[in-house]
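Grab a pencil and work through these exercises at your own pace. Each task comes with a solution that goes one step at a time.

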Amino acid sequence: MGFRLGVDVGGTFTDLLLFNDATGAFWRHKTPSTPHDSSEGILDGVNVICGQAGVTPKDVSVFLHGTTVATNAVLEGKGARVGLVTTEGYRQIMQIARSFVPGGLAGWIVWPKPQPMARLEDTVEIKGRMDAQGREVRPVDDADIRAQLERLKAQGVEALTISLINAYLNGDHERRVAAIAAEVMPDVPLSLSHVVLPEMQEYERTLTTVANAAVRPIVGRYVRNLRERLTKVEMTGQLSLLRSDGGLMSSQKSEEHPVALLMSGPAGGVTGALWVARNAGLNNILTLDVGGTSTDVALIENGEPRRVRTTEVGHLSVRASSLDVKTVGAGGGSIAYVPELTRALRVGPQSAGAAPGPVAYGKGGVEPTVTDANVVLGYLPENLLGGTFKLDREGAKRAVQTIADKLGIGLMEAARGIIDIVNENMFGALRMISVQQGYDPREFALMGFGGAGPLHVNAVARLMGSYPAVSPVSPGVLCALGDATTRMRTETARSLSKRTSDTSADELIALLRDMETQVRAELMADGVAEAEIETSFEVDIRYSGQAFEVPMSLALADLEQGGLKALTTRFDHEHHRLFTFNMDAEHEVVNLRAVALGRSLELPSQPLPKGDGDPSAAKLRDHELWMDGGPQAAVIYDRARLLAGDVIPGPAIVIEMDSTTLIETRHRGVVDAVGNILITPV
């Protein structure tokens, strides 16, 4: 009998979901995160959830895990000290970068340029050169390589990147440097650019490989530490980590290739939302994942999340596939304050985090947060986590009163102001992934999850015009559910850079078949049975002379039957959709990618017993909350006692173990066949 455990470590809480493959039964648990060492919080949760299910950790065959370790290392600038080996003449590659200054006009006047992840003093040049066809122009010199590596060793670098010119076509020189580095500095992890990103564009390839090297020691330590702790409780099942693109990778692979984990945390929510959407019969969804520290938003169209070819974390933008997730510093723990200069209310991005947390948690927090405002307004009743968690409403009132006093308004107006601002921040992030990408948000449903998502989903849906607003079952642990329902994934890339007149369908097919063999072998090495592996292909095309290419999916059968014409015709359609024009120039095939996917881990959703539409059996008590400028009579319901078809008129609050759903005035919630609450205007 197999058990699967999904674990999602957030900034405030660690969520766990244990799933029995044979019966479809599942157990869920939330435990405070332990930022100094995440594995402590994970182990606490593992022991509790296994106890609930009456099993031992030994019974868990697969452990699936989304983590923000790599993300936080980048955001906090705590990556390892990276040494960089480049080709002669390319020592300043990280400093020159792309000469692109973010921000508005004249942004360059005030833009503090970020320190590159590999410093100039830790960058060395070596002799030797490959040409643009991958042929050796000048050989490398072993004595020269050794001397440069000894220099880096003396400077105390903790990780090494080897990125040589044109190595994506021929990695022989990089491999030679790696062989010598293994002798000179045997304990330092190596990242080779032709392995991490075998694509052209030297800066992007170097930056991505340097980022990989910077987070390698931290991720490696974390994964080994977690593996050791799990082994101590006899959990010897397969440990897999969630990649930025929503797939899984083995923990061994994640130690070598951690750049694929930079958006691991948010990806869990999107994959969980996908599962809920499939069961609820919804195709187009905007996701609103509200945690304690931040809110992540993403767009799912026709059951497929948008993927992008770059992963952005802070000011770092690396070439690695990820789900198109935008993050804003707006969460339950976001701190509200009034700056002396403007005397205008601000919320976030600073957060009270897991320790000390909001004032209402009674753990020593003193600054007013979004959670405190929700408590003051009556949106968060005093009993949380099934009554095990008592909120300090009086403390929350005192904290929010400090804001009211500074603004010279009433307590309730100040609390509602905090909520309105945080909702606007979430609305702004959602506009970035919908309106600014050419999508009409009114054609999408909005799904709120994470601990605080269902509290805000109704208000944000009202701003967006995105209905129904969906509160899924177990919204607080949906990221852990996403970790538990996703599949193994790996990909490889290759640059071609040929005009269609210089290549043929046969050449593309031969290259893609070769890449397919490579990615299938990688998954099989990770323990996936060959019969379970599916492969798919992508190609980047542009008009010759353009600087930017358009990524497109590709079926080999179309290429075999329709040749290159089938590909270029599709590109013309896509280019016209994106930019409203086409060009007479010849087409150029820039990059090829092959993706291998393991078996889809199907979780059946449990249907709810059917009710008669009247939710009164689930009513806990009458309640008063503050909305629309005054007190309103509301009802609190217990989600566990709701039945399919129940209609809940607003204003109402639905409480459950891991989250609270708020239904506003002039709205109503309907419980669907599998237990999701769909909120629409009346």
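Before you start, keep in mind that you're looking at a predicted model.

**Exercise 1. Find out where Thr14 sits and whether Thr14 is buried or exposed.**

Step 1: Place the residue. Thr14 belongs to strand β2, which covers residues 13-20.

Step 2: Check the accessibility. Thr14 has a relative accessible area of 0%. Buried means under 20%, so Thr14 counts as buried.

Step 3: Look at the neighbours. Leaving aside residues up to four places away in sequence, Thr14 touches several others, including Val7, Val9, His29 and Ile42. Ser33 is also among them, and the side chains of Thr14 and Ser33 make a polar contact at 3.1 Å.

**Exercise 2. Work out which parts of the chain are linked by the salt bridges of Arg487 and Glu586.**

Step 1: Recall the idea. Side chains of opposite charge can pair when their charged atoms come close.

Step 2: Take Arg487. Its partner is Glu534, with the closest N and O atoms 3.1 Å apart. This pair links distant parts of the chain: Arg487 is in the loop between α14 and β27, while Glu534 is in strand β28, 47 residues apart. Glu534 is partly exposed, at 45% relative accessible area.

Step 3: Take Glu586. Glu586 forms a salt bridge with Arg499, and here the closest N and O atoms are 4.0 Å apart. Glu586 lies in the loop between α16 and β30 and Arg499 in strand β27, so the pair ties together parts that are 87 residues apart in sequence.

Step 4: Check exposure for this second pair. Glu586 is partly exposed at 27%, and Arg499 is partly exposed at 41%.

**Exercise 3. Decide whether the salt-bridge partners Arg639 and Glu656 are buried or exposed, then look at salt bridges across the structure.**

Step 1: Find the pair. The side chains of Arg639 and Glu656 meet in a salt bridge, 2.9 Å from N to O. Arg639 is in the loop between β32 and β33 and Glu656 in the loop between β34 and β35, so the bridge ties together parts 17 residues apart in sequence.

Step 2: Read off the burial. Arg639 is buried, and Glu656 is buried too.

Step 3: Zoom out. The structure holds 44 salt bridges. There's also a network of them linking Glu199, Arg243, Asp245, Arg309, Arg319, Arg489 and Glu491.

**Exercise 4. Describe the nonpolar cores and a nonpolar patch on the surface.**

Step 1: Start inside. The largest nonpolar core has 110 residues, and Leu5, Phe63 and Leu559 have the most contacts inside it. Helix α7 (residues 202-232) gives the largest share of this core, 13 residues.

Step 2: Pick out Phe63. Among the residues Phe63 touches are Leu5, Ile42, Leu226 and Met235.

Step 3: Look for another core. A separate one has 65 residues, including Leu299, Ala415, Leu430 and Val654.

Step 4: Move to the surface. Leu578, Phe579, Phe581 and Met583 make a nonpolar patch of about 350 Å². Phe581 is in the loop between α16 and β30 and is partly exposed, at 39%.

**Exercise 5. Describe the surroundings of Thr503.**

Step 1: Locate Thr503, which is in the loop between β27 and α15. With a relative accessible area of 11%, Thr503 is buried.

Step 2: List the contacts. Not counting residues up to four places away in sequence, Thr503 touches Leu496, Lys498, Leu508 and Leu564. The Thr503 side chain also makes a polar contact with the side chain of Glu507 (2.6 Å).

Notes:
Residues numbered from 1 in each chain as written. Predicted model: local features only at pLDDT ≥ 70, side-chain atom pairs only at ≥ 80, totals over all residues. Heavy atoms only, no water. Helix = DSSP H or I, 4+ residues; strand = E, 2+ residues; numbered from the N terminus. Buried < 20%, exposed > 50% of the residue type's maximum accessible area, 1.4 Å probe, protein only. Polar contact = N/O pair within 3.5 Å; in protein donor to acceptor, adjacent residues only side chain to side chain. Contact = heavy atoms within 4.5 Å. Core = buried A, V, L, I, M, F, W, Y, C linked by side-chain atoms within 4.5 Å. Patch = residues over 30% accessible without salt bridge, like charges linked within 9 Å, V, L, I, M, F, W, Y side chains within 5 Å. Areas by Shrake-Rupley, 256 points an atom, 1.4 Å probe, with all protein chains shown as cover.
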